[in-house]
Amino acid sequence: MTGFSAAWLALREPADHAARDPGLMAALGRALAERPGPLRVVDLGCGTGSNLRALAPHLPAEQHWCLVDHDPALLTAARAALADWADHAAGDGDDLVLRRDGRVLRVRCRVHDLAAGLPLDPAALPDLVTAAALFDLVSEDWIAAASRAVAAAGAAFYTALTYDGREAWTPPHPADAALQAAFLAHQARDKGFGPAAGPRATDILDRAFARSGYATTRAESPWRIVAGPLLDALAEGKAAAVRATGLAPEGQVEAWRTARAAPGCAAVIGHADLLALPRDDTVSGRSLSETVSRARAAPQRGRFPHREAIIRKPYERARSSHSGP
């Protein structure tokens with residue numbers, strides 16, 4: 001699987017956390033609130049633990065996490081970052097025990113290549129399987145197999161920040177459409193799991209879990225980013241991906257990249273979140289969609305401190321002046 005650096009993951013974490021749909025996280029927390037004993041969570045492609053830091057405040061007071069990544073260096077970085085994040089951290093054998101805001105989290109890291117399948121322990125099946133920014137990198141066949149494994153375990157499923165292929169960069173540039181087409185071609189390349197699902201991933205996940213008897217709901221979670229280090233890194237990464245395809249002339253790529261370094265640039269990058277629960281799971285007698293609607297309507301005071309640094313223009317409005325797809 002394509003690797004990611006700890007520095008890149010740290011750079012994107014504030015935007016990731018701000019973009020997540022609060023209604024889905026609240027509904028997940030309510031669905032799992034009455035599970036007996038410690039909540040068992042498996043986090044796929046965990047990186048440095050950002051998904052745990054985003055989700056843990058919405059989950060029950062006692063949580064056991066298994067963080068899974070193919071890169072031992074990222075798992076080492078995850079342990080350090082989680083220890084810094086916690087109010088108190090202590091080692092207990094291979095586990096890290098964290099206390100944060102009244103919750104107790106026991107965290108174990110596991111090196112595993114997800115191309116070999118999901119590492120679900122039959123002796124301790126998870127209550128929740130989760131991931132962030134993962135499923136656009138894997139293949140449709142892998143998603144089908146993963147959904148069957150989650151359903152066989154009877155676990156809830158939640159994933160966030162799956163790329164949906166929509167981008168709106170401002171101000172518009174004549175090369176936007178050509179570069180986006182080339183970038184999407186790059187997204188479909190094999191990342192170690194077969195041809196990547198790319199922007200189709202959330203649709204594929206939705207159908208796969210529905211076939212397994214799950215109720216699903218989804219929400220948009222776009223990045224809204226102003227000029228700064230994250231936007232610079234995104235533009236540089238997109239230009240590099242386009243160059244790798246050979247589908248756009250170098251002069252066109254360089255002109256676009258130079259323009260995106262100018263002050264006043266901004267971008268809306270489309271993502272989607274998905275929650276899937278076994279259909280016999282109810283939340284206070286309400287349907288999943290009703291629970292999400294109620295949770296989304298509830299005040300979310302103080303939950304996203306980074307929103308002030310992110311542009312607020314809705315995706316649809318930004319896209320209306322965008323020449324790309």
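This report describes one helix, the cysteines and the salt bridges of a predicted model.

**Helix H5**

Helix H5 covers residues 140-153, a run of 14 residues. From its first C-alpha to its last it reaches 20 Å, close to the 20 Å expected at 1.5 Å a residue. Its buried residues are Trp 142, Ile 143, Ala 144, Ala 146, Ser 147, Val 150 and Ala 153. The cover over these buried residues includes two helical and strand neighbours on the C-terminal side of the sequence, helix H7 (201-211) and strand S8 (214-220), together with strand S6 (128-132) and strand S7 (156-170). Just after H5, Gly 154 adopts a positive phi of about 70°.

**Cysteines**

A disulfide is a covalent bond between the sulfur atoms of two cysteines. A search of the whole structure finds zero disulfides. For Cys 46, the closest cysteine sulfur is that of Cys 109, at 6.1 Å, which is too far for a bond. For Cys 66, the closest cysteine sulfur also belongs to Cys 109, and the separation of 8.1 Å is again too far for a bond. A pair would have to lie within 2.5 Å to count as a disulfide. Cys 46 is buried, with a relative accessible area of 6%, and Cys 66 likewise counts as buried, at 19% relative accessibility.

**Salt bridges**

Side chains of opposite charge can pair when their charged atoms come close. The count for this model comes to 18 salt bridges, among them the three listed below.

| Salt bridge | Closest N and O atoms |
|---|---|
| Lys 238 with Glu 167 | 2.7 Å |
| Glu 250 with Arg 243 | 2.9 Å |
| Glu 254 with Arg 243 | 2.9 Å |

In the pair of Lys 238 and Glu 167, the closest N and O atoms are 2.7 Å apart. Lys 238 lies in helix H8 (residues 229-245) and Glu 167 in strand S7, so this salt bridge ties together parts that are 71 residues apart in sequence. Both residues of the pair, Lys 238 and Glu 167, are buried.

Arg 243 forms a salt bridge with Glu 250 and another with Glu 254. Glu 254 lies in helix H9 (residues 250-260) and Arg 243 in helix H8, so their pairing ties together parts that are eleven residues apart in sequence. Arg 243 counts as partly exposed, at 31% relative accessibility. Glu 250 is partly exposed, with a relative accessible area of 43%, and Glu 254 is partly exposed at 37%. Elsewhere, salt bridges that share partners join Asp 92, Asp 95, Arg 106 and Arg 108 into one network.

Technical notes: Residues numbered from 1 in each chain as written. Predicted model: local features only at pLDDT ≥ 70, side-chain atom pairs only at ≥ 80, totals over all residues. Heavy atoms only, no water. Helix = DSSP H or I, 4+ residues; strand = E, 2+ residues; numbered from the N terminus. Expected span 1.5 Å × (residues − 1). Buried < 20%, exposed > 50% of the residue type's maximum accessible area, 1.4 Å probe, protein only. Contact = heavy atoms within 4.5 Å. Salt bridge = Lys/Arg side-chain N within 4 Å of Asp/Glu carboxyl O.
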